[in-house]
Amino acid sequence: MIEKIHHVAIAVRNVEESARFYTERLGLGLREVKVVESEGVRIGFIPCGETLIELVEPLSPDHTVAKFIEKRGESLHHICFQTPDIRGEIAGLKEQGCTFISEEPKLGADGLITFLHPKSSGGVLVELVQQAEA
Ligand code: ZN
């Protein structure tokens, strides 16, 4: 079961610089900036209602997000859907023929995550998250 859009991720060169549009123009707040070493990125979260905008800054030039920016510029990177049961969701989607970048969920910035392969999701990179218990 999908509960909501957890976040929309945007690939950026610098979190603070890109956050300015959202903070200064839209009046939203940059809540938290953190390095996720395991993913090789810095992330800035900007809450907007129940959903977050996630600015993703690669820490090295050979990171997949850096290559994404090289090709497409700073732009929409992926959409993340929240589920209370990520393993159940993965199993159900696999039964329907979907493929994953990794079928084994791993610990991300905000809980267990995995990514569907974009060829299973209309060319859009889709992430699933099961939030860590608060
Ligand atoms: Zn994400």
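Two strands count as paired when DSSP finds at least two bridges between them. The model here is predicted. Eight strands build an open sheet with mixed pairing. Helices α2 and α3 pack against that sheet. Nine salt bridges and one aromatic pair add side-chain detail.

**The sheet**

- The strand order is β2-β3-β4-β1-β5-β8-β7-β6, and the sheet is open.
- Strands β2 (32-36) and β6 sit at the edges, each pairing on one side only.
- On average, neighbouring strands are turned by 30° against each other, direction ignored.
- Strands of a sheet pair through backbone hydrogen bonds, and the sense can be parallel or antiparallel.
- β3 and β4 are antiparallel, joined by eight bridges.
- Within that pairing, Arg42 has Glu57 of β4 as its bridge partner.
- β1 and β5 are also paired in the antiparallel sense, over six bridges.
- Ile5 is matched there with Phe81 in β5.
- β5 and β8 run parallel and share four bridges.
- Cys80 finds its bridge partner in β8, at Glu127.
- In a regular strand, side chains alternate between the two faces of the sheet.

**Helices on the sheet**

- Helix α2 (residues 64-72) lies across three strands: β1 (4-11), β4 and β5 (76-82).
- The direction of α2 is at about 90° to β4.
- Helix α3 also packs on the sheet, where it touches β7 and β8.
- The directions of α3 and β8 make an angle of about 150°.
- Arg72 belongs to helix α2.
- Arg72 counts as exposed because its relative accessible area is 60%, and the cut-off for exposed is over 50%.
- Arg72 and Ala11 are 61 residues apart in sequence, yet their C-alpha atoms are 9.7 Å apart in space.

**Salt bridges**

- Side chains of opposite charge can pair when their charged atoms come close.
- The structure contains nine salt bridges. Three of these pairs are described here: Glu57 with Arg42, Arg87 with Glu104, and Glu32 with Lys34.
- Glu57 and Arg42 meet at 2.7 Å, N to O. Glu57 is in strand β4 (residues 51-58) and Arg42 in strand β3 (residues 41-48), so the pair links distant parts of the chain, 15 residues apart.
- Glu57 and Arg42 are both buried. They are also bridge partners in the β3 and β4 pairing.
- Arg87 forms a salt bridge with Glu104, with closest N and O atoms 3.1 Å apart. Arg87 is in helix α3 (residues 86-95), while Glu104 is in the loop between α3 and β6 (106-108), so the pair ties together parts 17 residues apart in sequence.
- Arg87 is partly exposed at 45% relative accessibility, and Glu104 is partly exposed at 49%.
- Glu16, Arg42 and Glu57 are joined into one network by salt bridges that share partners.
- Glu32 and Lys34 pair with their closest N and O atoms 3.6 Å apart.
- Glu32 is partly exposed, at 29% relative accessibility. Lys34 is partly exposed too, at 26%.

**The aromatic pair**

- A pair of aromatic rings is described by the distance of the centres and the angle of the planes.
- The structure has one aromatic pair. Phe21 and Tyr22 form it, edge-to-face, with 5.0 Å between centres and 85° between planes.
- Edge-to-face applies because the planes are over 60 degrees apart.
- Phe21 is partly exposed, with 43% relative accessible area.
- Tyr22 is buried, with 14% relative accessible area.

**Ser121 in its loop**

- Ser121 is placed in the loop between β7 (111-116) and β8 (126-131).
- At 18% relative accessibility, Ser121 counts as buried, since the cut-off for buried is under 20%.
- The Ser121 side chain reaches the backbone oxygen of Val124 at 2.7 Å.
- Setting aside neighbours within four places in sequence, Ser121 is in contact with Leu116 and Val126.

Conventions
Residues numbered from 1 in each chain as written. Predicted model: local features only at pLDDT ≥ 70, side-chain atom pairs only at ≥ 80, totals over all residues. Heavy atoms only, no water. Salt bridge = Lys/Arg side-chain N within 4 Å of Asp/Glu carboxyl O. Buried < 20%, exposed > 50% of the residue type's maximum accessible area, 1.4 Å probe, protein only. Helix = DSSP H or I, 4+ residues; strand = E, 2+ residues; numbered from the N terminus. Polar contact = N/O pair within 3.5 Å; in protein donor to acceptor, adjacent residues only side chain to side chain. Contact = heavy atoms within 4.5 Å. Axes fitted to C-alpha atoms, helices over the stretch in contact; angles between N-to-C directions. Phe/Tyr/Trp six-rings, centres within 6.5 Å; stacked < 30°, edge-to-face > 60°.
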